[in-house]
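Colleague: I should like to ask for a close look at one part of this structure. Please take it slowly, as for a reader in the first year of study.

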Amino acid sequence: TTNHSVLMLDQQDYNTMHYKTNNKPRLELLVGGMFAGKTFEFIRRLDKSVIAELEVIVFKPVIDQRYGDGITSHSKLDLETITGLKPICLQCDLSDIQLYEKQIQQADVIAFDEVQFFTNEIVEFIDYVMRRNGARVICAGLDQDAFGNPFGPVPFLLAKAHEVLKLTGICSICKEPSTKTFKKPSNNQMFNKESNILVGGADEFEPRCDDCWYTVASSTDTE
């Protein structure tokens, strides 16, 4: 069973559920640092789509196994529990996405979580399904890696998005809004800049505002 009541929806939410009938392509991008509420908002939008009786398909990169094959926010909100939707794990290069061609053709909403882990092929794919299907595409992911650099395909998706929501968390140091992700030292070694693909949670990363992030980043670069 699903539990839609966990996510409160106001009347405006229902009034904007018009994507099934107008058949216009739309790309919605939910970005920010870690612990900013991206997955919560991702689940909330998908919950609205399910209530509106839209056909929805959800993908996630197979390398993200923090919660097994599911999608769960850091606040423990679970996609399948709320919406009844079970995400499909994909290879990061989309080499297996053709296996789901029939479901994709039938979908009104196509969603990708942790979109930063996919290769740039996802940009062309999203262009294709929006043009062919008139689909609404929802993507959630980090816009910057732990070094403050643009992450994976996200900058290209930002340029193409019809809507961008940049979320902030709470800085773990000063409690101001956080915009960056800080990689904690692990085993006395700092994060290797040659490998920005590291899947982790609160044990590995924490949210930082620009000031608190820059202070540590500057001292690390000079060591």
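In which loop is E114 found? Please describe this residue and then the parts of the chain around that loop.

Modeller: This is a predicted model, and its confidence may be stated at the outset. The chain averages a pLDDT of 82, and 75% of the residues score at least 70. Over residues 8-19 the pLDDT stays under 50, and the model has 14 contacts beyond four places in sequence for them. Residues 187-195 also have a pLDDT below 50, with eleven contacts beyond near neighbours in sequence.

E114 is found in the loop between strand 5 and helix 6. Its phi is positive, about 50°, although E114 is not a glycine. Most residues other than glycine have a negative phi. E114 has a relative accessible area of 10%, and because buried means under 20%, it counts as buried.

E53 offers a second case of positive phi. The phi of E53 is near 65°, and E53 is likewise not a glycine. E53 is placed in the loop between helix 3 (38-51) and strand 2. With a relative accessibility of 62%, E53 counts as exposed, whereas E114 is buried.

The two elements that flank the loop of E114 both belong to the next part of the picture. The largest nonpolar core has 28 residues, and those with the most contacts inside it are F59, I104, I110, F112, I126 and V137. Strand 5 (109-112) and helix 6 (121-133) are among the elements that each supply at least two residues of this core; others include strand 1 (26-32), strand 2 (56-61) and strand 6 (136-142). Helix 6 gives the most to this core, with six residues. Apart from it lies another core, of 16 residues, including I71, L79, I138 and A140.

V137 shows how these parts meet. Leaving aside neighbours within four places in sequence, V137 is in contact with I110, F112, I126, V129 and M130, and also with R26, L27 and E28, among them residues that appear again below.

Helix 6 also takes part in a charged pair. D127 forms a salt bridge with K160, with the closest N and O atoms 3.0 Å apart. This pair links distant parts of the chain, since D127 lies in helix 6 and K160 in helix 7, 33 residues apart. D127 counts as partly exposed at 24% relative accessibility, and K160 is also partly exposed, at 37%.

R26, a contact of V137, forms a salt bridge with E163, the closest N and O atoms being 2.7 Å apart. Here, too, distant parts of the chain are linked: R26 is in strand 1 and E163 in strand 7 (residues 163-167), 137 residues apart. R26 has a relative accessibility of 22% and counts as partly exposed; E163, at 24%, is partly exposed as well. Salt bridges that share partners join R26, E28, E41, R44, R45, R136 and E163 into one network.

Members of that network lead back to helix 3. Among the buried residues of helix 3 are E41, R44 and R45. The helix is mostly covered, with eleven of its 14 residues buried. At 1.5 Å a residue, the 14 residues of helix 3 should span 20 Å, and the end C-alpha atoms are 20 Å apart, which agrees. Just after helix 3 comes E53, with the positive phi of about 65° already compared with that of E114.

Technical notes
Residues are numbered from 1 along each chain as its sequence is written. This is a predicted model: local features need pLDDT of at least 70, side-chain atom pairs count only at pLDDT 80 or more; totals for chains, interfaces and linings use all residues. Side-chain values use heavy atoms; hydrogens and water are left out. A nonpolar core is a set of buried Ala, Val, Leu, Ile, Met, Phe, Trp, Tyr and Cys residues joined through side-chain atoms within 4.5 Å. Buried means under 20% relative accessible area, exposed over 50%, partly exposed in between (1.4 Å probe, protein chains only). Helices (H or I, at least four residues) and strands (E, at least two) are DSSP runs, numbered from the N terminus. Contact means heavy atoms within 4.5 Å. The expected span of a helix is 1.5 Å times one less than its number of residues. pLDDT is the predictor's confidence in each residue, from 0 to 100. A salt bridge is a side-chain nitrogen of Lys or Arg within 4 Å of a carboxyl oxygen of Asp or Glu.
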